[in-house]
Amino acid sequence: MVRSFEIKVPCSSANIGPGYDVLGIGLSMYLTIDCTIDSANIDSISYNNNCIIEYTKDSEGYESVPLEADKNLITKTALYVLRCNNIRSFPTGTKLTINNPIPLGRGLGSSGAAVVAGVMLGSEVGQLDFDKQRMLDFCLMIERHPDNISAAMMGGFVGSFLRDLSPAEVERREIPLSEVFSDLSSGGEDTGLSPPLPPQDIGRHLKYQWNEKIKCVAIIPNFEVSTADSRGVLPKAYTTNDVVFNLQRLSILTTALTLDPPNPDLIYPAMQDRLHQPYRKTLIPGLPQILQSVTPKTHKGLLGICLSGAGPTILALATENFDDIAAEIINEFKKKNIECDWKLLTLADDGATIIRK
Ligand SMILES: Nc1ncnc2c1ncn2[C@@H]1O[C@H](COP(=O)(O)OP(=O)(O)OP(=O)(O)O)[C@@H](O)[C@H]1O
Ligand SMILES: N[C@@H](CCO)C(=O)O
């Protein structure tokens with residue numbers, strides 16, 4: 001029997017200024033996976049975990065991402081889901097063709113999209129029939145901040161938090177990621193152990209309205225900043241003043257982005273941040289100047305500007321004048337000898353989808 005389906009997951013921009021680890025927007029650039037399962041394919045027994053992976057030539061990471069099922073982030077995640085449910089490997093004859101336009105390590109949620117796609121893949125090939133809420137639990141065992149994951153899975157403009165866990169649940173969640181993936185990291189050798197099932201409903205989320213006149217200009221520098229490094233430069237504690245500064249802006253921003261007409265005098269100051277952007281300037285040359293390079297006064301149509309996720313991409317929200325806004329920011333990066341690409345993106349409201357063929 002042959003089964004086939006397509007998984008499609010949007011990229012995402014997290015934080016949106018004051019919403020560190022809280023806000024995310026699913027955006028119109030999609031990771032896709034075409035999956036065919038042909039159980040009559042005898043050759044597939046020699047595939048890694050019964051699975052063969054190829055990336056389209058135009059994919060980001062075409063030459064660097066691992067193609068072994070127990071090493072690639074998407075399939076490793078799917079194997080984690082399967083093994084949690086006592087299924088040791090992919091069904092015989094699984095073939096994946098992956099197209100990934102999301103640049104890696106740039107702040108557009110490439111790993112979030114890969115994890116969401118992997119969990120969906122595991123649920124589908126294992127015929128586990130998880131709903132999105134349950135799939136979020138598996139995602140949050142792997143990527144442990146909910147902003148990119150929730151936006152990529154649910155789509156649109158999303159706020160999320162991790163709920164308090166009971167001591168027994170904490171134990172399961174506190175297991176180091178190396179152990180969650182333990183029997184996958186031993187070169188494909190299957191130890192037969194099943195990882196612990198994630199606690200139920202780890203993440204809570206809410207989709208906000210969004211004024212569709214607001215578009216997202218993403219200016220993408222040509223260098224990577226890993227999320228781990230970008231989190232590593234943040235302080236362990238903050239002053240009350242800085243926390244209150246962000247909370248006040250967050251409370252305004254989530255509604256300001258729904259109002260019509262969008263009000264730059266409200267949105268621009270509400271997108272200021274004191275929890276992550278000031279510290280990340282050590283990894284992104286010229287960041288403070290770049291964030292000040294466009295304002296609603298200098299550029300008609302500009303509503304607000306921030307670092308996208310862990311960076312180095314810059315996200316500008318605007319209603320018009322997109323080319324000029326992008327050109328100004330690209331010019332600022334050029335002063336630091338950094339070349340950029342840019343994209344005009346819109347909200348991906350559906351989030352992650354699966355189409356069975
Ligand atoms: N489609 C993919 N296939 C395989 N591996 C991927 C894929 N997408 C991302 N990855 C892995 O995730 C890494 C990037 O993750 P990282 O969290 O550092 O950045 P990001 O998710 O792009 O940015 P941010 O979290 O700030 O939005 C890549 O270097 C690669 O190892
Ligand atoms: N909230 C996360 C997003 C990147 O994954 C961060 O800023 O580190």
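This short talk covers the two domains of a predicted model, its two ligand sites and one pair of helices.

I'll start with the overall layout. The domain assignment of the protein chain gives domain 1, residues 2-205, and domain 2, residues 209-345. Taken over C-alpha atoms, the centres of the two domains are 28 Å apart. At their boundary, 25 residues of domain 1 are in contact with 31 residues of domain 2. On the domain 1 side, β1 (2-14), β2 (23-38) and β5 (157-162) each supply at least two residues. The largest share there is from β2, with four residues. By class, that side of domain 1 has twelve nonpolar, twelve polar and one charged residues.

Now the ligands. Where does ligand 1 lie with respect to the domains? Both domain 1 and domain 2 give residues to the shell around ligand 1, so ligand 1 lies between them. That shell has 23 residues, and the closest are S110, S111, T227, G309 and A310. Two elements give two or more residues to it, namely α1 (73-84) and α2 (110-125). Of these, α2 gives the largest share, four residues. Sorted by class, the shell around ligand 1 has nine nonpolar residues, 13 polar and one charged.

Ligand 2 is next. Domain 1 and domain 2 both contribute to its shell as well, so ligand 2 also lies between the domains. Here there are 13 residues around the ligand, with A14, D21, T227, G309 and A310 coming nearest. If you have the structure open, look for T227, G309 and A310, because these names are on the list for ligand 1 and on the list for ligand 2. Helices α4 (146-154) and α7 (227-232) each supply at least two residues of the shell around ligand 2. The largest share, three residues, comes from α7. The classes in this shell are three nonpolar, seven polar and three charged.

Since α4 has come up, I'll finish with its contact with α3. Two packed helices are described by the angle between their axes and the distance between the axes. For α3, residues 132-142, and α4, the axes come within 10 Å and cross at roughly 150°. Angles over 145 degrees count as roughly antiparallel, so α3 is roughly antiparallel to α4. The crossing of these two helices is right-handed. Which residues meet there? From α3 they are K132, M135, L136, C139 and L140, and from α4 they are P146, I149, S150, M153 and M154. By class, this contact has eight nonpolar residues, one polar and one charged.

Terms used: Residues are numbered from 1 along each chain as its sequence is written. Chains are lettered from A and ligands numbered from 1 in the order in which they are written. This is a predicted model: local features need pLDDT of at least 70, side-chain atom pairs count only at pLDDT 80 or more; totals for chains, interfaces and linings use all residues. A residue is near a molecule or strand if its C-beta atom, placed from the backbone, lies within 6 Å of it. Ala, Val, Leu, Ile, Met, Phe, Trp, Tyr, Cys and Pro count as nonpolar, Asp, Glu, Lys and Arg as charged, and the others, Gly among them, as polar. Domain bounds come from an automatic or database domain assignment. Axes are lines fitted to C-alpha atoms, for helices over the stretch in contact, and angles run from 0 to 180 degrees between N-to-C directions. Angles under 35 degrees count as roughly parallel, over 145 as roughly antiparallel, 65 to 115 as roughly perpendicular and the rest as oblique. A crossing is left-handed if the near helix is turned anticlockwise from the far one by less than a right angle, and right-handed if clockwise. Two residues are in contact if their C-beta atoms, placed from the backbone, lie within 7 Å.
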